[in-house]
Amino acid sequence: SGTPKEDVFHAGGALKKNAHVPNFENYKELYLKSIENPDEFWGDIAKDFYWKSKHTGQFLDYNFDVTKGEIYIKCMEGATTNICYNVLDRNVYERKLGDKVAFYWEGNEPGDVMKVTYRELLQQVCQFANVLKSQGVKKGDRVSIYMPMVVELVVAMLACVRIGAVHSIVFAGFSAESLCDRILNSQCSLLITADGFYRGDKLINLKVIADDLSVSPGQLFCVGFTCVCVWFRQVPWNPEVDQCWHSLLSGVSDECEPEWCDSEDPLFILYTSGSTGKPKGVLHTVSGYMLYVATTFKLVFDYQPDDVYWCTADIGWITGHSYITYGPLANGATSVLFEGLPTYPDVSRMWEIVDKYQVTKFYTAPTAIRLLMKYGSEPVQKYNRESLKVLGTVGEPINPEAWQWYYSVVGEKRCPVVDTFWQTETGGHVLTPLPAATPMKPGSATFPFFGVVPAILNESGEELEGPCEGYLVFKQPWPGVMRTVYGNHQRFETTYFKKFPGYYVTGDEYRTNMYSLSGHLLSTAEVESALGEHAAVAEAAVVSRLHPVKGESLYCFVTLTDGVGFNHTLEAELKKQVREKIGAIATPDFIQNAPSLPKTRSGKIMRRVLRKIARNERDLGDLSTLADSSVIEQLFLNRCCGAV
């Protein structure tokens, strides 16, 4: 209400004709059923999947209130299934889609292409599943995967799932130290990697980075740690640890009986940054995640059997897990798997790929949209893009200007834009338009997905109505929500449930100490920790500030140890330190010398004040608790050149 009509957009009649959810009335009817009778709503969806044994009792069982005992979420308890079977065998043998293309792989270099059908993918997965078993991997074991965007990455993750192993994928942009932390935390016994790959014209030596694990604490190798490398070119090789993917596959059977898993067996661990600095191992389980990502993919993108779908994310992030691998494959979709960059070898690359494969549903990040906006409409209009039917955004809020450009220039005002809000923890979309049903407003994620009941709370835990700001919470679970933090259920309860008993807390709270850089959620505390390890730094505080392309950027304040001077050499060292400790994606944009930091009388750093300084905003609000107000003017005087 109160929204000008010219700011609201609606899908055209052609899309509505065959849509799964054709209008807003239908959405409201289904939504009401999903929250009032979730057992029936999700039970009907579950009938489309294969179950070795049926569930018993309540479809969804949970406790969100820490005052009433341990937090838990259970879906279809007692049922057994296998996701790999449901996304491959079911499509090949029951749905007769064996000859359908599962993935068109588009390499970094134009012309470096291949395709794999559902039958071929099933054979490759079974082969590698047998390889994993020959390496001693069994149900419940953790396997780390550190790979570029190649078909072998999908093969590796599905092979783990087929034998009941738990995959932990680490984004191929992370450093050796970040990789090591995740391997140790999840107690992985095997690492699957590649020799290297190109991103644009930059070579990433993955195997060399992985070999740096050997200089880390020795507990890696005392558990029989093994490394399987996808390609074997001119890379360092340790025959005691390293094994070649292609050699291991030689002569291996392409048949492998799936391991039937309980609904609440672990499926995968994926690390996301935490406010305390150490990443959290978000744990998702089998049945609920499968149902949720399959359903969100089908309805949010209004998937139809003749669609060609392209998500530009990396499988190292949750978007790639849910909306490149599991969601599309569960629906028997044909997808594009892209290894490269949107600007390489030129800024028309994405639209050239859209035309080449006749992509109908396209899903990318606002960062990419803003980046390409800078080059104007001409690179887009070199290609006709007539195949496009639905556009989507993911990873961060999209500003209205970028939304309008995406809708008007890329989609030519005929493709609805689904602006999706969700997190690693949620498993899939939680707030999102549906293409044919939902009125669209630029910059708004609109309405909750089925089964999701959001609320906004104030600091006192009271639910707010109408236009407001506060804490985004959820009042009941949906099948795909995370189950715990791996190895630390207490952290799970503390992070998501203790602040407001009875609610799952997310949304606004994390924005105060985390930032979304190019769609990747990272922790400022983790960056502060990396800076603090440098001998010259006595204390560090990191805040985010708006960036015209990346959405948010890092602005770091460092207090140096006595006798150390701030200069360009030190600044470069500190940036290098963060890059090596976390990865290139976390490299600070600005580092400012801060002789002292604004603190309360109790010693707490006032980060809201630092955010104002980073943005050169003089309206600082209430400073009554500030211990020494003289530091403020000094920090304004020291602001980084180039910061606005």
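**Figure 1. Arg-385 sits in the loop between helix 14 (378-381) and strand 19 (390-393).** The model shown here and in the other views is predicted. Arg-385 is not a glycine, yet its phi is positive, about 60°. With a relative accessible area of 1%, Arg-385 is buried.

**Figure 2. Gln-358 combines a positive phi with partial exposure.** Phi of Gln-358 is near 55°, and the residue is other than glycine. Gln-358 belongs to the loop between helix 12 and strand 18 (361-364). Its relative accessible area is 43%, so Gln-358 counts as partly exposed.

**Figure 3. Tyr-344 and Pro-345 are joined by a cis peptide bond.** Omega is about 0° at this bond. Pro-345 lies in a loop that runs between strand 17 (334-338) and helix 12 (349-357).

**Figure 4. Helix 21 (residues 630-637) has buried residues along one face.** Val-631, Ile-632, Leu-635 and Phe-636 are the buried residues in this view of helix 21. Seen down the helix axis, the buried residues fall within an arc of 135°, so they line one face. An α-helix has 3.6 residues a turn, so residues three or four places apart point the same way. The cover over the buried residues of helix 21 includes strand 29 (551-560), strand 30 (590-593) and helix 20 (607-614).

**Figure 5. His-534 is a buried loop residue.** The loop runs between helix 18 (524-532) and strand 28 (537-547). His-534 has 14% relative accessibility and therefore counts as buried. Beyond its neighbours within four places in sequence, His-534 contacts Leu-570, Glu-573, Leu-574 and Gln-577.

**Figure 6. Ile-192 lies in the largest nonpolar core.** This core has 119 residues. Leu-121, Phe-128, Ile-145, Leu-158, Ile-192 and Tyr-326 have the most contacts inside it. Residues up to four places away in sequence aside, Ile-192 touches Phe-128, Leu-132, Val-143, Ser-144, Ile-145, Tyr-146, Met-147, Ala-156, Val-228 and Trp-245. A second, separate core has 35 residues, including Tyr-146, Leu-179, Ala-540 and Cys-556. In soluble globular proteins, nonpolar side chains tend to be buried together.

**Figure 7. Gln-124 in helix 5 (residues 118-134) contacts Val-151.** Gln-124 and Val-151 are 27 residues apart along the chain, and their C-alpha atoms are separated by 9.9 Å. Outside four places in sequence, Gln-124 is also in contact with Val-116 and Val-155. Gln-124 is partly exposed, at a relative accessible area of 30%.

**Figure 8. Cys-180 and Cys-311 are buried cysteines in a structure with zero disulfides.** The closest cysteine sulfur to that of Cys-180 belongs to Cys-188, 11 Å away, too far for a bond. For Cys-311, the nearest cysteine sulfur is that of Cys-415, at 17 Å. Cys-180 has a relative accessible area of 3%. Cys-311 has 2% relative accessibility.

**Figure 9. UniProt places the feature "domain: Acetyl-coenzyme A synthetase N-terminal" at residues 27-87.** The feature comes from an unreviewed entry. In the model, the span is 39% helix and 16% strand. Its end C-alpha atoms lie 27 Å apart.

**Figure 10. Residues 1-6 and residues 215-224 have pLDDT under 50.** The model has two contacts beyond four places in sequence for residues 1-6. For residues 215-224 it has 13 such contacts. Where pLDDT is low, the predicted coordinates should not be read in detail. The chain averages a pLDDT of 89, with 91% of the residues scoring at least 70.

Key
Residues numbered from 1 in each chain as written. Predicted model: local features only at pLDDT ≥ 70, side-chain atom pairs only at ≥ 80, totals over all residues. Heavy atoms only, no water. Buried < 20%, exposed > 50% of the residue type's maximum accessible area, 1.4 Å probe, protein only. Helix = DSSP H or I, 4+ residues; strand = E, 2+ residues; numbered from the N terminus. Arc of directions from axis to C-beta. Contact = heavy atoms within 4.5 Å. Disulfide = S-S within 2.5 Å. Core = buried A, V, L, I, M, F, W, Y, C linked by side-chain atoms within 4.5 Å. UniProt positions renumbered as here; feature names shortened; annotations may be inferred. pLDDT = per-residue confidence, 0-100.
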